[in-house]
Amino acid sequence: MNKTLCLVTLALSLIFTLTAQAENESDFYVGVQYSNQNIESSSDLSTAGVILGYQFNQYFSLETRLNMGVSEYSALCPCGEEDGYYVYKQKIDNQGSLLIKGTYPILNDFSIYALAGVIKTSYSLETQSQYKIVEENTTVSEIRFQDTRDHSESGFTYGVGINYQISKKFSAFLDYQVLPDLAVSTLDSSNWNSASIGVNYTF
């Protein structure tokens, strides 16, 4: 997360420098968002968080999104009928991104936009398993395993969205992003994308 935090700090420093010269209306905006993230081979996960941004002009903005995981995925697999089981759990801990946003007005209060930038995600994978050794219909011993590992994934992200200007200060948006492939095991990775909905407030 250190690299992402450094990028966020740099972005915010730039934003403060540019807005320090503003005399009247600020081009700062903040927002909240909810995101459903789909990992092709395994799960759907959800995040929620805040948006901090600066609008340079009608067409270009710089924003950072900081999210926390609000759900987890788990799967239970029986092993040998009733003699054991295997549980796989996956959860996003936190996620940060720095994005360039290009906007183009279309109809009245509607506009479309494209996003591109970098993203870093911290997530955890947990496995639990239990096996029973049964002799003559009697359990003579149980073997249990549990392993939790923290991972991080970073890379390039891009997407498109639509924005609706509710009022002078408030706007609502819906967008779709393609994220870096996510490692679901030591041997495999999966396509990863997200659909987000949120509201922004411009100061």
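User: What does "buried" mean here, and what percentage of the 203 residues count as buried?

Analyst: Buried means under 20% relative accessible area. This is a predicted model. In its protein chain of 203 residues, 35% count as buried.

User: How do I read the outer surface? What share of the accessible surface belongs to carbon and sulfur atoms?

Analyst: Take the total, then split it by atom type. The protein chain has about 11,800 Å² of accessible surface. Carbon and sulfur atoms hold 56% of that surface.

User: Next, the elements. How many strands are there in the protein chain?

Analyst: Count them, then read their order. The chain has nine strands and one helix. From the N terminus, the order is α-β-β-β-β-β-β-β-β-β.

User: Which contacts tell me about distant parts of the sequence? What percentage comes from residues 24 or more positions apart?

Analyst: Take the contacts with a separation of 6 or more. In the protein chain, residues 24 or more positions apart account for 60% of them. Ile-92 and Ser-46 give a concrete pair: they are 46 residues apart along the chain, and their C-alpha atoms are separated by 8.0 Å.

User: Stay with Ile-92. Is Ile-92 buried or exposed?

Analyst: Compare its relative accessibility with the cut-off. Ile-92 has 3%, so it counts as buried. Ile-92 belongs to strand E5, residues 84-105. Leaving out residues up to four places away in sequence, Ile-92 touches Gln-37, Leu-45, Thr-47, Gly-69, Thr-121, Ser-122, Tyr-123 and Trp-192.

User: Which residues make up the largest nonpolar core?

Analyst: Look for buried nonpolar residues joined through their side chains. The largest nonpolar core has ten residues: Ile-39, Leu-45, Tyr-88, Ile-92, Ile-119, Tyr-123, Leu-125, Leu-179, Leu-182 and Trp-192. E5, strand E6 (110-135) and strand E8 (170-183) each give two or more residues to this core. E6 gives the most, with three residues. Another core, of six residues, lies apart from it; Leu-99, Tyr-113, Leu-115 and Phe-173 are among them.

User: What does Trp-192 contact, beyond its neighbours within four places in sequence?

Analyst: List the partners, then match them to the core. Trp-192 is in contact with residues including Ile-39, Ile-92, Leu-179 and Leu-182. Those four are also listed in the largest nonpolar core. Other partners of Trp-192 include Gln-37, Asn-38, Gln-95 and Glu-153.

User: Now a polar residue. Where is Thr-64, and is Thr-64 buried or exposed?

Analyst: Find the element first, then check the area. Thr-64 sits in strand E3, residues 60-69. Its relative accessible area is 2%, so Thr-64 is buried. A polar atom of the Thr-64 side chain lies 2.8 Å from the backbone oxygen of Ser-97.

Definitions and conventions
Residues numbered from 1 in each chain as written. Predicted model: local features only at pLDDT ≥ 70, side-chain atom pairs only at ≥ 80, totals over all residues. Heavy atoms only, no water. Helix = DSSP H or I, 4+ residues; strand = E, 2+ residues; numbered from the N terminus. Buried < 20%, exposed > 50% of the residue type's maximum accessible area, 1.4 Å probe, protein only. Polar contact = N/O pair within 3.5 Å; in protein donor to acceptor, adjacent residues only side chain to side chain. Contact = heavy atoms within 4.5 Å. Areas by Shrake-Rupley, 256 points an atom, 1.4 Å probe, with all protein chains shown as cover. Core = buried A, V, L, I, M, F, W, Y, C linked by side-chain atoms within 4.5 Å.
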